[in-house]
Amino acid sequence: MSASIAIQVLPAAENDQELIRIVDEVIAYIASTGLRYEVGPFETTIEGDDYDQLMMIAKECQHVAVRAGAQKVSAYIKVAYQPEGEILTIDQKIGKYQNKKH
Ligand SMILES: Cc1ncc(C[n+]2csc(CCO)c2C)c(N)n1
């Protein structure tokens with residue numbers, strides 16, 4: 001695995017219900033890419049071996065949010081990229097914490 005990105009899409013929305021609907025559409029788009037992803041309360045992390053594909057997905061997320069009805073959208077994007085070698089994967093980073101809740 002050579003790259004991962006975390007993307008937090010922040011669409012302008014009238015209310016929480018509208019925000020959830022728009023973010024759900026963005027997450028459905030991310031799911032449709034077939035790449036491994038993990039949804040969190042602030043952002044979704046996606047990993048893959050094609051850095052350019054990941055950046056295109058990050059770009060497309062804004063279009064999806066606007067098509068879903070957002071008049072404007074902001075986003076925070078984080079990148080881990082290691083062209084030679086292996087980044088730490090989602091599972092390596094958080095697998096041990098999953099299903100552990102207070
Ligand atoms: C790309 C992306 N993934 C997750 C969130 C965080 N988030 C905000 S509202 C919500 C509920 C959706 O049903 C979630 C998970 C985000 N902002 N952008």
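The following paragraphs lead through the helices, the nonpolar core, the ligand surroundings and two outlying positions of this predicted model.

Helix α1 offers a starting point. It covers residues 16-32, 17 residues in total, and its first and last C-alpha atoms are 24 Å apart, close to the 24 Å expected at 1.5 Å a residue. Four of its residues, Ile22, Val23, Val26 and Ile30, are buried. Viewed down the axis of α1, the buried residues fall within an arc of 95°, so they line one face of the helix. The face turned away from this buried side bears Gln17, Ile20, Asp24, Ala28 and Ser32, which are exposed. On the buried side, α1 packs against three strands, β1 (3-11), β2 (36-39) and β3 (44-48), and against helix α2 (51-67). After α1 comes Gly34, with a positive phi near 80°.

Helix α2 can be read in a similar manner. Its 17 residues should span 24 Å at 1.5 Å a residue, and the distance of 25 Å between its end C-alpha atoms agrees with this. The buried residues of α2 are Leu54, Ile57, Cys61, Val64 and Ala65, and they pack against β1, α1, β3 and β4 (73-81). His63 also belongs to α2, but His63 is exposed because there are 12 other C-beta atoms within 10 Å, and a residue with 12 or fewer counts as exposed. Between the C-alpha atoms of His63 and His102 there are 37 Å, with 39 residues separating the two along the chain. Just after α2, Gly69 has a positive phi of about 120°.

The buried residues of these helices lead to the nonpolar core. In soluble globular proteins, nonpolar side chains tend to be buried together. The largest nonpolar core here has 17 residues, and those touching the most other members are Ile5, Val9, Val26, Ile46, Cys61 and Ala65. At least two residues of this core come from each of β1, α1 and α2. Ala65 illustrates the connections: beyond its neighbours within four places in sequence, it is in contact with Val9, Pro11, Ile22, Val26, Ala70 and Val73.

The ligand comes next. It is surrounded by 14 residues, of which Val9, Ile20, Val23, Asp24 and Thr44 are the closest. Two elements, β1 and α1, give two or more residues to this shell, and α1 provides the largest share, 6 residues. By class, the shell comprises 10 nonpolar, 2 polar and 2 charged residues. Val9 thus appears both among the closest residues to the ligand and among the core residues that touch the most other members.

Two positions outside the helices complete the account. Ile87 lies in the loop between β4 and α3 and is partly exposed, with 16 other C-beta atoms within 10 Å. Leaving aside neighbours within four places in sequence, the contacts of Ile87 are Met1, Ser2, Ala3, Ser4, Ala80 and Gln82. The C-alpha atoms of Ile87 and Ala6 are 14 Å apart, although 81 residues separate them in sequence. Asn99 is located in the segment after α3 (90-94). Its phi is near 65°, a positive value in a residue other than glycine. Asn99 is exposed, since 6 other C-beta atoms lie within 10 Å.

Terms used. Residues are numbered from 1 along each chain as its sequence is written. This is a predicted model: local features need pLDDT of at least 70, side-chain atom pairs count only at pLDDT 80 or more; totals for chains, interfaces and linings use all residues. The expected span of a helix is 1.5 Å times one less than its number of residues. A residue is buried if 20 or more other C-beta atoms lie within 10 Å of its own, exposed if 12 or fewer, and partly exposed in between; C-beta atoms are placed from the backbone. The arc is that of the directions from the helix axis to the C-beta atoms. Two residues are in contact if their C-beta atoms, placed from the backbone, lie within 7 Å. A nonpolar core is a set of buried Ala, Val, Leu, Ile, Met, Phe, Trp, Tyr and Cys residues joined through C-beta atoms within 7 Å. A residue is near a molecule or strand if its C-beta atom, placed from the backbone, lies within 6 Å of it. Ala, Val, Leu, Ile, Met, Phe, Trp, Tyr, Cys and Pro count as nonpolar, Asp, Glu, Lys and Arg as charged, and the others, Gly among them, as polar.
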